[in-house]
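Work through these exercises with the model open. Try each task before reading its solution.

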Amino acid sequence: MTDSSTTGSTGADPRSAGTADAAGTGPRSAADDIPPAPPRPKQRRFAGTAAQIQGSLTFYKFFAFATGIMLLILVAKMIMDYGFGYELYAGGTTAAGAENALGFYPKESVVDGTGISYWTAVVHGWIYVIYIIAGFRLWYLMNWKIGRLITIVLGGVVPFLSFVVERKIAREVRLDMESNPEAVRRY
């Protein structure tokens, strides 16, 4: 007969799956042989996954270009409107009685036409709102300081600046993600 003090109460091998672990707290499994995971950083650098950040960057880039283009169109409209007194009209009848399809005419000289200049400002305004939302999402996921958000917001107000800011932000996102791959969230 075997001694139960050396082999356990059942006489089984102590390395088997049904025996207690080294601390004697419960059964062991094959997963107990895997070393513990390395400690995670206390403060994560990014607030999103790599896919979330990449998607947010694409969304931001699209609306940075759209905002920049609409801002340039809006500036051209303001120069024509306030500098030369002309407005872009679609449809209607001119003061000379000719049918208008699309063209620049002095203000209020087209009857029953639609002033495209007004709609340019409205469309730019809404695209700018979406641009701010896209910039905020990217700023949040990258966990940047507030100064970067202000730079992004101002990029959609100054003509040509949205193109410059977009390139700078896209380059910084790529560099940050490449240099800190361990800081990207995983889930």
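**Exercise 1. A helix and its end**

How many residues does helix H2 have, and how far does it reach from its first C-alpha to its last? The model is a predicted one.

*Solution.*
- Step 1: Find helix H2 at residues 50–84; it has 35 residues.
- Step 2: Take the span from the first C-alpha to the last, which is 50 Å.
- Step 3: Set this against the 51 Å expected at 1.5 Å a residue; the two values are close.
- Step 4: Go just past H2. Gly 85 takes a positive phi of about 75° there.

**Exercise 2. Two packed helices**

Determine how H3 and H4 are oriented to each other, roughly parallel or roughly antiparallel. Then describe their contact.

*Solution.*
- Step 1: Recall that two packed helices are described by the angle between their axes and the distance between the axes.
- Step 2: For H3 (residues 116–142) and H4 (residues 146–155), the angle is about 155° and the axes lie 9 Å apart.
- Step 3: Apply the cut-off. Angles over 145 degrees count as roughly antiparallel, so H3 and H4 are roughly antiparallel to each other.
- Step 4: Add the handedness. The H3 and H4 crossing is right-handed.
- Step 5: List the contact residues. H3 supplies Tyr 128, Tyr 131, Gly 135, Phe 136 and Trp 139. From H4 come Ile 146, Arg 148, Leu 149, Ile 152, Val 153 and Gly 155.
- Step 6: Sort the residues of this H3 contact with H4. There are 8 nonpolar, 2 polar and 1 charged.

**Exercise 3. A loop residue and its partners**

Which residues does Val 157 touch, not counting residues up to four places away in sequence?

*Solution.*
- Step 1: Place Val 157 in the loop between H4 and helix H5 (161–179).
- Step 2: Read its contacts. Val 157 touches Leu 71 and Tyr 128.
- Step 3: Check a C-alpha pair. Val 157 and Thr 67 are 90 residues apart along the chain, yet their C-alpha atoms are separated by 8.7 Å.
- Step 4: Classify the exposure. Val 157 has 46% relative accessibility, so it counts as partly exposed.

**Exercise 4. Positive phi outside glycine**

Where are Asn 143 and Phe 160 found, and is each one exposed or partly exposed?

*Solution.*
- Step 1: Asn 143 is in the loop between H3 and H4. Its phi is near 60°, a positive value in a residue other than glycine.
- Step 2: Asn 143 has a relative accessible area of 38%, so it is partly exposed.
- Step 3: Phe 160 sits in the loop between H4 and H5. Its phi is also positive, near 70°.
- Step 4: The relative accessible area of Phe 160 is 54%. The cut-off for exposed is over 50%, so Phe 160 is exposed.

Key: Residues are numbered from 1 along each chain as its sequence is written. This is a predicted model: local features need pLDDT of at least 70, side-chain atom pairs count only at pLDDT 80 or more; totals for chains, interfaces and linings use all residues. Side-chain values use heavy atoms; hydrogens and water are left out. Axes are lines fitted to C-alpha atoms, for helices over the stretch in contact, and angles run from 0 to 180 degrees between N-to-C directions. Helices (H or I, at least four residues) and strands (E, at least two) are DSSP runs, numbered from the N terminus. Angles under 35 degrees count as roughly parallel, over 145 as roughly antiparallel, 65 to 115 as roughly perpendicular and the rest as oblique. A crossing is left-handed if the near helix is turned anticlockwise from the far one by less than a right angle, and right-handed if clockwise. Contact means heavy atoms within 4.5 Å. Ala, Val, Leu, Ile, Met, Phe, Trp, Tyr, Cys and Pro count as nonpolar, Asp, Glu, Lys and Arg as charged, and the others, Gly among them, as polar. Buried means under 20% relative accessible area, exposed over 50%, partly exposed in between (1.4 Å probe, protein chains only). The expected span of a helix is 1.5 Å times one less than its number of residues.
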